[in-house]
Amino acid sequence: MRAWAHYLSQDHAEETEDPSKHLDANILVRVDSREKKLIECLRKRMEIPFCVETLRVGDVILGSFPYEIYIERKAVCDLVSSVFDCRLVNQIGNQLHHTEYCRLQSLVIVEGDFSELNQPMPHLRHLKKLSYEGLRNLALATMVRLSLRDQLPVLRSDNLQGTAELINVISLEYPKLLKMRPLQYGSRKERPFRSRRGENPKETLASQLRCVRGVSEQAGRRLARNHDHVQSFLSAMLASADPVQWLVDKANIGKNSSPLRRPTAVRLAETLAGKDTLQRENFTSSLEAIQGISRTSATALVGHFSTRENMQQFLEGQCA
(Lines give C-alpha, C1' and ligand atoms only; values in the text may rest on other atoms or scores of the structure.)
Protein backbone atom coordinates (compact mmCIF):
# COMPACT_ATOMS: atom_id res chain seq x y z
CA MET A 1 0.00 0.00 0.00
CA ARG A 2 2.88 2.38 0.64
CA ALA A 3 4.02 2.02 -2.95
CA TRP A 4 0.53 2.82 -4.19
CA ALA A 5 0.27 5.75 -1.79
CA HIS A 6 3.44 7.18 -3.27
CA TYR A 7 2.09 6.65 -6.80
CA LEU A 8 -1.31 8.21 -6.05
CA SER A 9 0.23 11.19 -4.28
CA GLN A 10 2.11 12.23 -7.43
CA ASP A 11 0.83 15.21 -9.35
CA HIS A 12 -1.43 14.14 -12.23
CA ALA A 13 0.17 16.78 -14.39
CA GLU A 14 3.34 14.71 -14.34
CA GLU A 15 1.44 11.65 -15.60
CA THR A 16 0.51 13.37 -18.84
CA GLU A 17 4.17 13.73 -19.69
CA ASP A 18 5.55 10.92 -21.81
CA PRO A 19 8.44 9.35 -19.83
CA SER A 20 9.92 7.82 -22.97
CA LYS A 21 11.17 11.19 -24.20
CA HIS A 22 13.72 11.18 -21.38
CA LEU A 23 15.35 8.04 -22.79
CA ASP A 24 17.99 7.59 -25.41
CA ALA A 25 17.31 5.48 -28.48
CA ASN A 26 19.16 2.63 -26.74
CA ILE A 27 18.08 1.63 -23.24
CA LEU A 28 20.81 2.36 -20.75
CA VAL A 29 21.78 -0.77 -18.80
CA ARG A 30 24.56 -0.51 -16.25
CA VAL A 31 26.12 -3.47 -14.44
CA ASP A 32 28.35 -3.27 -11.38
CA SER A 33 31.99 -4.01 -12.28
CA ARG A 34 32.35 -6.26 -9.21
CA GLU A 35 29.76 -8.72 -10.59
CA LYS A 36 32.35 -10.58 -12.72
CA LYS A 37 30.39 -13.81 -13.26
CA LEU A 38 27.17 -11.95 -14.01
CA ILE A 39 28.94 -9.76 -16.59
CA GLU A 40 30.31 -12.80 -18.41
CA CYS A 41 26.89 -14.43 -18.42
CA LEU A 42 25.17 -11.25 -19.64
CA ARG A 43 27.61 -10.96 -22.54
CA LYS A 44 26.37 -14.32 -23.78
CA ARG A 45 22.66 -13.77 -23.21
CA MET A 46 21.99 -10.02 -23.28
CA GLU A 47 20.16 -8.86 -26.42
CA ILE A 48 20.59 -5.19 -25.49
CA PRO A 49 24.06 -3.60 -25.11
CA PHE A 50 25.14 -2.77 -21.56
CA CYS A 51 28.02 -0.96 -19.92
CA VAL A 52 30.10 -1.89 -16.89
CA GLU A 53 30.55 0.65 -14.10
CA THR A 54 31.36 0.71 -10.42
CA LEU A 55 27.89 1.31 -9.03
CA ARG A 56 27.34 2.86 -5.63
CA VAL A 57 23.82 1.41 -5.39
CA GLY A 58 22.47 -1.90 -6.72
CA ASP A 59 24.01 -4.54 -8.93
CA VAL A 60 22.18 -3.57 -12.13
CA ILE A 61 20.49 -0.29 -13.10
CA LEU A 62 18.13 -0.07 -16.08
CA GLY A 63 17.02 3.17 -17.67
CA SER A 64 17.75 6.83 -17.01
CA PHE A 65 16.82 9.17 -14.19
CA PRO A 66 14.13 9.53 -12.89
CA TYR A 67 12.78 6.24 -14.27
CA GLU A 68 15.63 3.96 -13.27
CA ILE A 69 14.98 0.41 -12.09
CA TYR A 70 17.44 -0.79 -9.46
CA ILE A 71 18.10 -4.54 -9.24
CA GLU A 72 19.79 -6.14 -6.24
CA ARG A 73 21.02 -9.68 -6.91
CA LYS A 74 21.19 -11.99 -3.90
CA ALA A 75 22.35 -15.58 -3.81
CA VAL A 76 20.42 -17.63 -1.26
CA CYS A 77 23.39 -17.88 1.10
CA ASP A 78 24.17 -14.18 0.71
CA LEU A 79 20.54 -13.33 1.39
CA VAL A 80 20.62 -15.12 4.74
CA SER A 81 24.02 -13.68 5.63
CA SER A 82 22.96 -10.13 4.74
CA VAL A 83 20.08 -10.36 7.20
CA PHE A 84 22.49 -10.91 10.08
CA ASP A 85 25.05 -8.24 9.18
CA CYS A 86 22.37 -5.66 8.19
CA ARG A 87 23.67 -5.34 4.62
CA LEU A 88 20.25 -6.15 3.19
CA VAL A 89 18.53 -3.33 5.07
CA ASN A 90 21.21 -0.83 4.03
CA GLN A 91 21.25 -1.93 0.39
CA ILE A 92 17.46 -1.80 0.05
CA GLY A 93 17.42 1.55 1.83
CA ASN A 94 19.96 2.98 -0.61
CA GLN A 95 17.91 1.78 -3.59
CA LEU A 96 14.71 3.30 -2.23
CA HIS A 97 16.46 6.57 -1.48
CA HIS A 98 17.61 6.87 -5.09
CA THR A 99 14.09 6.15 -6.41
CA GLU A 100 12.47 8.62 -3.97
CA TYR A 101 10.95 5.59 -2.23
CA CYS A 102 9.02 4.45 -5.29
CA ARG A 103 9.01 0.74 -4.51
CA LEU A 104 7.89 -0.18 -8.00
CA GLN A 105 11.35 0.82 -9.30
CA SER A 106 13.39 -1.37 -6.94
CA LEU A 107 13.49 -5.16 -6.98
CA VAL A 108 15.45 -8.08 -5.56
CA ILE A 109 16.41 -11.22 -7.48
CA VAL A 110 17.01 -14.21 -5.19
CA GLU A 111 19.29 -16.64 -7.00
CA GLY A 112 20.09 -20.29 -6.43
CA ASP A 113 18.58 -23.36 -4.80
CA PHE A 114 17.85 -23.66 -1.09
CA SER A 115 19.98 -26.81 -0.98
CA GLU A 116 23.02 -24.52 -1.09
CA LEU A 117 22.26 -23.66 2.54
CA ASN A 118 23.06 -27.26 3.45
CA GLN A 119 26.66 -26.99 2.17
CA PRO A 120 29.60 -25.96 4.40
CA MET A 121 30.00 -22.19 4.57
CA PRO A 122 33.31 -21.49 6.40
CA HIS A 123 33.10 -17.75 5.65
CA LEU A 124 29.75 -17.58 7.45
CA ARG A 125 30.73 -18.69 10.93
CA HIS A 126 27.85 -16.92 12.63
CA LEU A 127 25.40 -19.18 10.75
CA LYS A 128 26.83 -22.49 12.01
CA LYS A 129 24.46 -22.50 14.98
CA LEU A 130 21.41 -22.63 12.70
CA SER A 131 20.23 -25.88 11.13
CA TYR A 132 19.39 -26.25 7.47
CA GLU A 133 15.68 -25.94 8.22
CA GLY A 134 16.33 -22.79 10.22
CA LEU A 135 18.32 -21.21 7.40
CA ARG A 136 15.71 -22.23 4.82
CA ASN A 137 12.88 -20.79 6.91
CA LEU A 138 14.85 -17.57 7.40
CA ALA A 139 15.39 -17.22 3.64
CA LEU A 140 11.71 -17.81 2.92
CA ALA A 141 10.61 -15.44 5.68
CA THR A 142 12.92 -12.72 4.33
CA MET A 143 11.41 -13.04 0.85
CA VAL A 144 7.89 -12.88 2.28
CA ARG A 145 8.71 -9.80 4.36
CA LEU A 146 10.27 -8.02 1.41
CA SER A 147 7.34 -8.66 -0.91
CA LEU A 148 4.35 -8.39 1.46
CA ARG A 149 5.48 -6.16 4.31
CA ASP A 150 7.89 -3.89 2.41
CA GLN A 151 6.00 -3.97 -0.93
CA LEU A 152 9.17 -4.73 -2.91
CA PRO A 153 9.12 -7.01 -5.99
CA VAL A 154 11.05 -10.24 -5.36
CA LEU A 155 11.96 -12.51 -8.29
CA ARG A 156 13.46 -16.01 -8.12
CA SER A 157 16.01 -17.59 -10.44
CA ASP A 158 17.55 -21.05 -10.37
CA ASN A 159 21.08 -19.97 -11.19
CA LEU A 160 23.24 -17.23 -12.65
CA GLN A 161 21.96 -17.93 -16.15
CA GLY A 162 18.40 -17.51 -14.91
CA THR A 163 19.30 -14.16 -13.36
CA ALA A 164 20.84 -12.98 -16.64
CA GLU A 165 17.70 -14.10 -18.48
CA LEU A 166 15.50 -12.12 -16.07
CA ILE A 167 17.60 -9.00 -16.50
CA ASN A 168 17.42 -9.40 -20.27
CA VAL A 169 13.60 -9.73 -20.19
CA ILE A 170 13.25 -6.68 -17.91
CA SER A 171 15.40 -4.63 -20.28
CA LEU A 172 13.29 -5.73 -23.26
CA GLU A 173 10.05 -4.95 -21.38
CA TYR A 174 11.35 -1.63 -20.05
CA PRO A 175 9.77 0.60 -22.77
CA LYS A 176 6.37 -1.02 -22.17
CA LEU A 177 6.72 -0.74 -18.40
CA LEU A 178 7.57 2.92 -18.76
CA LYS A 179 4.49 3.75 -20.82
CA MET A 180 1.98 1.73 -18.79
CA ARG A 181 0.70 2.36 -15.28
CA PRO A 182 -0.14 -0.47 -12.84
CA LEU A 183 -3.35 -2.27 -13.73
CA GLN A 184 -6.18 -1.76 -11.24
CA TYR A 185 -7.94 -5.08 -11.98
CA GLY A 186 -11.23 -3.37 -11.17
CA SER A 187 -13.35 -4.94 -13.91
CA ARG A 188 -13.75 -8.58 -14.80
CA LYS A 189 -12.82 -9.72 -18.30
CA GLU A 190 -14.86 -12.51 -19.82
CA ARG A 191 -13.73 -14.76 -22.63
CA PRO A 192 -16.26 -14.86 -25.46
CA PHE A 193 -18.13 -18.13 -25.37
CA ARG A 194 -17.09 -20.65 -27.99
CA SER A 195 -18.61 -24.08 -28.00
CA ARG A 196 -16.30 -27.01 -28.51
CA ARG A 197 -16.43 -29.01 -31.70
CA GLY A 198 -19.42 -31.34 -31.66
CA GLU A 199 -20.82 -29.76 -28.47
CA ASN A 200 -24.40 -28.46 -28.23
CA PRO A 201 -24.33 -25.01 -26.55
CA LYS A 202 -27.82 -25.44 -25.12
CA GLU A 203 -26.87 -28.76 -23.53
CA THR A 204 -23.79 -27.12 -22.05
CA LEU A 205 -25.86 -24.28 -20.57
CA ALA A 206 -28.41 -26.76 -19.21
CA SER A 207 -25.62 -28.73 -17.51
CA GLN A 208 -24.27 -25.53 -15.96
CA LEU A 209 -27.70 -24.59 -14.61
CA ARG A 210 -28.17 -28.08 -13.13
CA CYS A 211 -25.10 -27.46 -10.98
CA VAL A 212 -27.38 -25.42 -8.72
CA ARG A 213 -29.05 -27.64 -6.15
CA GLY A 214 -32.71 -28.30 -6.96
CA VAL A 215 -32.60 -27.68 -10.72
CA SER A 216 -33.72 -30.85 -12.48
CA GLU A 217 -32.55 -31.99 -15.91
CA GLN A 218 -35.87 -31.10 -17.49
CA ALA A 219 -35.97 -27.66 -15.83
CA GLY A 220 -32.41 -26.97 -16.94
CA ARG A 221 -33.24 -27.73 -20.56
CA ARG A 222 -36.34 -25.53 -20.49
CA LEU A 223 -34.38 -22.67 -18.94
CA ALA A 224 -31.61 -23.02 -21.56
CA ARG A 225 -34.09 -22.83 -24.44
CA ASN A 226 -33.38 -19.88 -26.81
CA HIS A 227 -30.02 -19.21 -25.12
CA ASP A 228 -26.61 -20.39 -26.34
CA HIS A 229 -24.46 -19.31 -23.38
CA VAL A 230 -24.62 -18.02 -19.82
CA GLN A 231 -24.16 -14.35 -20.79
CA SER A 232 -27.27 -14.40 -23.00
CA PHE A 233 -29.30 -16.19 -20.34
CA LEU A 234 -28.13 -13.81 -17.61
CA SER A 235 -28.90 -10.71 -19.70
CA ALA A 236 -32.45 -11.91 -20.37
CA MET A 237 -33.00 -12.73 -16.69
CA LEU A 238 -31.77 -9.35 -15.48
CA ALA A 239 -33.85 -7.53 -18.11
CA SER A 240 -37.05 -8.83 -16.54
CA ALA A 241 -38.81 -6.91 -13.77
CA ASP A 242 -38.78 -9.94 -11.45
CA PRO A 243 -35.86 -12.33 -12.19
CA VAL A 244 -37.10 -14.99 -9.79
CA GLN A 245 -40.58 -15.07 -11.32
CA TRP A 246 -38.99 -15.08 -14.78
CA LEU A 247 -37.10 -18.25 -13.87
CA VAL A 248 -40.21 -19.89 -12.47
CA ASP A 249 -42.33 -19.05 -15.52
CA LYS A 250 -39.65 -20.09 -18.03
CA ALA A 251 -39.04 -23.45 -16.36
CA ASN A 252 -42.76 -24.27 -16.09
CA ILE A 253 -43.68 -23.67 -19.74
CA GLY A 254 -45.34 -26.61 -21.45
CA LYS A 255 -47.22 -29.69 -20.42
CA ASN A 256 -45.81 -32.36 -18.14
CA SER A 257 -43.02 -30.00 -17.07
CA SER A 258 -41.42 -30.56 -13.69
CA PRO A 259 -42.04 -27.31 -11.81
CA LEU A 260 -39.15 -25.17 -10.64
CA ARG A 261 -39.90 -24.38 -7.03
CA ARG A 262 -39.58 -20.80 -5.92
CA PRO A 263 -36.81 -21.46 -3.30
CA THR A 264 -34.79 -23.14 -6.07
CA ALA A 265 -35.39 -20.16 -8.39
CA VAL A 266 -34.24 -17.82 -5.63
CA ARG A 267 -31.07 -19.88 -5.15
CA LEU A 268 -30.42 -19.95 -8.90
CA ALA A 269 -30.89 -16.18 -9.29
CA GLU A 270 -28.56 -15.48 -6.38
CA THR A 271 -25.91 -17.86 -7.77
CA LEU A 272 -26.00 -16.28 -11.22
CA ALA A 273 -26.31 -12.58 -10.39
CA GLY A 274 -25.70 -12.07 -6.67
CA LYS A 275 -27.88 -11.07 -3.74
CA ASP A 276 -28.82 -7.69 -5.22
CA THR A 277 -31.06 -9.52 -7.69
CA LEU A 278 -33.26 -10.72 -4.81
CA GLN A 279 -34.36 -7.27 -3.60
CA ARG A 280 -37.78 -7.63 -5.22
CA GLU A 281 -38.18 -11.20 -3.97
CA ASN A 282 -37.17 -10.22 -0.43
CA PHE A 283 -39.63 -7.32 -0.52
CA THR A 284 -42.43 -9.68 -1.60
CA SER A 285 -41.55 -12.23 1.10
CA SER A 286 -41.52 -9.56 3.83
CA LEU A 287 -45.02 -8.39 2.81
CA GLU A 288 -46.29 -11.96 2.60
CA ALA A 289 -45.11 -12.54 6.17
CA ILE A 290 -47.60 -9.92 7.39
CA GLN A 291 -50.80 -11.54 8.60
CA GLY A 292 -53.67 -11.06 6.15
CA ILE A 293 -51.53 -10.44 3.04
CA SER A 294 -51.50 -13.27 0.55
CA ARG A 295 -48.81 -13.99 -2.02
CA THR A 296 -51.00 -12.53 -4.76
CA SER A 297 -51.58 -9.31 -2.81
CA ALA A 298 -47.90 -9.03 -1.90
CA THR A 299 -46.92 -9.46 -5.57
CA ALA A 300 -49.44 -6.80 -6.60
CA LEU A 301 -48.09 -4.34 -3.99
CA VAL A 302 -44.52 -4.94 -5.11
CA GLY A 303 -45.57 -4.45 -8.73
CA HIS A 304 -47.18 -1.14 -7.84
CA PHE A 305 -44.49 0.34 -5.58
CA SER A 306 -41.40 -1.49 -6.98
CA THR A 307 -39.23 -0.73 -3.93
CA ARG A 308 -39.60 -0.67 -0.18
CA GLU A 309 -38.63 3.01 -0.12
CA ASN A 310 -41.46 4.03 -2.48
CA MET A 311 -44.01 2.21 -0.36
CA GLN A 312 -42.64 3.79 2.83
CA GLN A 313 -42.87 7.27 1.33
CA PHE A 314 -46.48 6.62 0.27
CA LEU A 315 -47.48 5.47 3.75
CA GLU A 316 -45.77 8.44 5.38
CA GLY A 317 -47.65 10.77 3.02
CA GLN A 318 -50.97 9.12 3.96
CA CYS A 319 -50.21 9.51 7.68
CA ALA A 320 -49.34 13.19 7.23
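**Exercise 1.** In this predicted model, determine which strands helix H4 (residues 76-84) lies across and at what angle to S4 it runs.

*Solution.* Helix H4 lies across strand S4 (69-75) and strand S5 (106-111). Its direction is then compared with that of S4, which gives an angle of about 100 degrees. Helix H5 (residues 87-98) also lies across S4 and S5, but runs at about 170 degrees to S4.

**Exercise 2.** State in what order the six strands of the open sheet are arranged, and explain why one side of S2 and of S6 is left without a neighbour.

*Solution.* Begin with the order, which is S2-S1-S3-S4-S5-S6, with mixed pairing. Next, consider the edges: S2 and strand S6 (154-157) stand there, each with a single partner strand, so one side of each has no neighbour in the sheet. Finally, the twist from one strand to the next averages 25 degrees.

**Exercise 3.** Identify the sense in which strand S1 (residues 29-32) pairs with S2 and with S3, and name residues that stand opposite each other.

*Solution.* Take S3 (residues 60-62) to begin with: three bridges join this strand to S1, and the two run antiparallel. Here Arg30 stands opposite Ile61. Turn now to S2 (residues 51-53), which pairs with S1 in the parallel sense over three bridges. In S2, Cys51 is the bridge partner of Arg30, and Glu53 stands opposite Asp32. Between S1 and S2, helix H3 (residues 36-45) completes a right-handed β-α-β unit.

**Exercise 4.** Decide whether the residues of S1 are buried or exposed, and which of them point the same way.

*Solution.* Val29 and Val31 point one way, whereas Arg30 and Asp32 point the other way. All four are buried, that is, under 20% relative accessible area.

Note on methods: Residues numbered from 1 in each chain as written. Predicted model: local features only at pLDDT ≥ 70, side-chain atom pairs only at ≥ 80, totals over all residues. Heavy atoms only, no water. Buried < 20%, exposed > 50% of the residue type's maximum accessible area, 1.4 Å probe, protein only. Pairing = 2+ DSSP bridges. Right-handed = clockwise from strand over helix to strand, strands pointing away. Axes fitted to C-alpha atoms, helices over the stretch in contact; angles between N-to-C directions. Contact = heavy atoms within 4.5 Å.
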